[in-house]
Each structure stands twice: as C-alpha cells, then as structure tokens.
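Open the model in your viewer and keep the selection tool at hand. The stops below go from one ligand to the metal ions.

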Amino acid sequence: MPEITVTEHLLAAQMEWSPKATGQFTSLLHDLIVSAKIISRNVKQAGLVDILGGTGEVNVQGERVQKLDEFANKTLVYRMRTCGAVCALGSEELEEPLIIPPEESSGSYIIYFDPLDGSSNIDVNVSIGTIFSIYRRREDATEPFRAERMLRPCDTQVAAGYFLYGPSTMMVYTTGHGVNGFTLDPSIGEFLLSHPNMQIAPRGAIYSVNASYDRFWDEATRECVDSFCHPAGGQPYSLRYVGSLVADFHRTLLYGGIFMYPADTRKPDGKLRLMYEAAPMAFLAEQAGGKATDGVHRILDKTPLSIHERTPLIIGSSEDVDHVADIYRRHGRG
Ligand code: AHG
Ligand code: MN
Ligand code: MN
C-alpha cells in the first residue's frame, strides 16, 4: 500500500464529498493533529516525570511540569482557540463551555473533547487517549455564539474520532463516510493510513464491562453480562477491560464484541459523558457497521440538556448490542 498521510486522505475525501469546502475544516483537523502529536510526545515521557522535574516543579528546561490531563487540555484549548475554525469548545476539563469572541475567531465549528481519556492509567503505563467530536454552527458566523447552541443533537456531528496513545499512537476518525485509522510514524512525524475502511464484525467474542459493579446493577444488566459469560450452548465470551474507553473501544472496533458502561444504583446515568465520550464513539461505531445505545435509545438520537451530561453506553458489534437491547426490552425497559 502506498504511504498516504492523514492530510492527503482528508483532502482527497473533501474533493469527493464536499468540493466547495473552504478549508476551515481542514485547518481545524490540522491543528487537532498537531495537538495530538504534542500530547503524544509528553505521554511517551510520562514515566520520566520525576527525572525531568516532577509534577508542579520546574524541570531541567526551566518549565513547570504539569499533570498530563491539564497539559493535554491546555494544548487543545490553545490550538482550537487560535486555529480560526472554532467558535466554541467544550472540554471535560472545563466546567463551562468556552465561547470564542467573534473578533478572535469567526470559525464555523463547535468542538467537544476529552483531552485525556483513561487518565487513571497514566501512572501504570497503560493506553490512554484523546476523544473529539465536531459540529457545524447553524447560524451566521458573524452572530455572537450563545452557549445553549452547544447542545446539539448527536446525529448532527460532522466528524468524530480519537487519538490512542498506545504502543503506537493512532488516529481513528470519521466524517460520515466510513472510518479510517492512521498510525503515527515517529520517524517522519506523520499519521499514515494503516487501517482503511474499518468495519466492526457483526458479532464478536469479547465483552468489556467493569464486572465488579454487579451488585449495583439491575436484573436486566446482570442477565446481559451473565449471557456473555455463560451463553446457552456456546463458548463463553472473553472478558477484557482496560478502563480507558479509547482503548476498550479500539479493541471492540478491531476485534468485535461489546463494551458496556451501564447505569447502576450509584450512577443512575452511568459514568460516561454523552458529548465527548459516548456520542463520538457511537458515530464511529455506526459508521463501521456497529451500534450504540443507552439501553433504550440509540445514542445518536439523543440531545443533551447540559454539556457534561452522562449516559449509559452499550456499544459494539450490531448483533451483540441487539442482544443486550432485547434483554432490556424483555425486562420492560424501552
Ligand atoms: P477519564 O479518564 O476521561 O475521566 O475517563 C475515564 C472513563 C473511561 O475512560 C473508562 O471507560 C471509565 O472511566 C472507567 O471507569 P471505571 O473505573 O468506573 O470502570
Ligand atoms: Mn474519559
Ligand atoms: Mn478525561
């Protein structure tokens, strides 16, 4: 396969699907990619933090070493704010949305991100990631942007994806025309197309859930998990749970199966956030032929009431997600 960079791939896709594109979206993606390369560089040095100065202290370069999630957030906020394509952003690390004044940027896009997903895994050198989700603003770009306009129906995403900081750094994204995966070649500093047209198998053999919460689940969720662990007349599914959504979703995309973060008595809306965790993954899953639901509703049919809204998430191979939805329905949900 010839080497195709993510920028070349994006430009070719734009010629095909949006020949009138103004270049704003390309410049947004470009700055997002630069942010991820910077975050990736720091992630790869995470274990050296004490040698390089220690969190909160001044390192040998005379720079203050920040916590990685704080660093990732600052990097993304700075680049999204200055790329000229964004009018508002929502981040897991910011309580309120950041509205960029029109004199600073008349950009047409709204972006949500989880700057560092799976941050509890940083100190043990396990895969983490960055998740993003992009919407186009509907009204005239010269009008001041109002915060409530951040609350967009999830099925109006124009792009979504993630960067995975694993053994290699990857970018996986969709603009609604399938899902493509790129691997960072550190020797040339480019993301190269390594996983074209990614598809989730209709059925998998892996389930992924934090099974130690079973005492907080309802009967329906217990039955779902039990059916993967003890299927009638079949082989049991294997259990895999990293605890970084990006890593657990990436495996589900490549190997098939199901990931669940259901509601429980302690977390009646689950844990994951709709706008920068569940919705972008749902867009990717559907574009790869899979499904995503909160147990009752398709994730992409949801519209948030607040930017940090949580939702249960059941996502992966279409038949496995249907199987869970059937059990929930039998228990009177939906
Ligand atoms: P974040 O690090 O961005 O706060 O997200 C952590 C999330 C997600 O990555 C993962 O799927 C989930 O938390 C794991 O939660 P539990 O520890 O409750 O299983
Ligand atoms: Mn997260
Ligand atoms: Mn996070």
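Start with strand E3 (109–117) and strand E11 (258–261): each supplies at least two residues of the shell around ligand 1. Helices (H or I, at least four residues) and strands (E, at least two) are DSSP runs numbered from the N terminus. E3 gives the most to this shell, with three residues.

Before going on, note that this is a predicted model, in which local features need pLDDT of at least 70 and side-chain atom pairs count only at pLDDT 80 or more, while totals for chains, interfaces and linings use all residues. Residues are numbered from 1 along each chain as its sequence is written, chains are lettered from A and ligands numbered from 1 in the order in which they are written, and side-chain values use heavy atoms, with hydrogens and water left out.

**Ligand 1**

Select ligand 1 and the residues near it (a heavy atom within 4 Å). The selection should hold 17 residues, the closest being Asp117, Asn210, Tyr213, Tyr241 and Tyr261. By class, the shell has seven nonpolar, five polar and five charged residues. Here Ala, Val, Leu, Ile, Met, Phe, Trp, Tyr, Cys and Pro count as nonpolar, Asp, Glu, Lys and Arg as charged, and the others, Gly among them, as polar.

Now show the distances from the oxygen atoms of ligand 1. An N or O atom in the side chain of Tyr261 is 2.5 Å from one oxygen atom of the ligand. For Tyr213, a polar side-chain atom lies 2.6 Å from a ligand oxygen. At Ser119 a polar backbone atom is 2.9 Å from an oxygen of ligand 1. The protein covers 84% of the 480 Å² of accessible area that ligand 1 has on its own (Shrake-Rupley method, 1.4 Å probe).

**Manganese ion, ligand 3**

Next select ligand 3. Which protein residues are the donors of this manganese ion? They are Glu92 (OE), Asp114 (OD) and Leu116 (O), at 2.0 to 2.3 Å. Donors are N, O and S atoms within 2.8 Å of the metal (3.2 Å for Na, K and Ca); water is not among the atoms, so sites may look incomplete.

**Manganese ion, ligand 2**

Move to ligand 2, whose protein donors are Asp114 (OD), Asp117 (OD) and Glu277 (OE), 1.9 to 2.2 Å from the manganese ion. Asp114 in strand E3 and Glu277 in helix H6 (residues 274–287) are 163 residues apart and link distant parts of the chain.

Finish on Asp114, which bridges the manganese ions ligand 2 and ligand 3, lying 3.7 Å apart.

Notes: A polar contact is a pair of N or O atoms within 3.5 Å; within protein, one must be able to donate a hydrogen and the other to accept it, and residues adjacent in sequence count only if both atoms are side-chain atoms.
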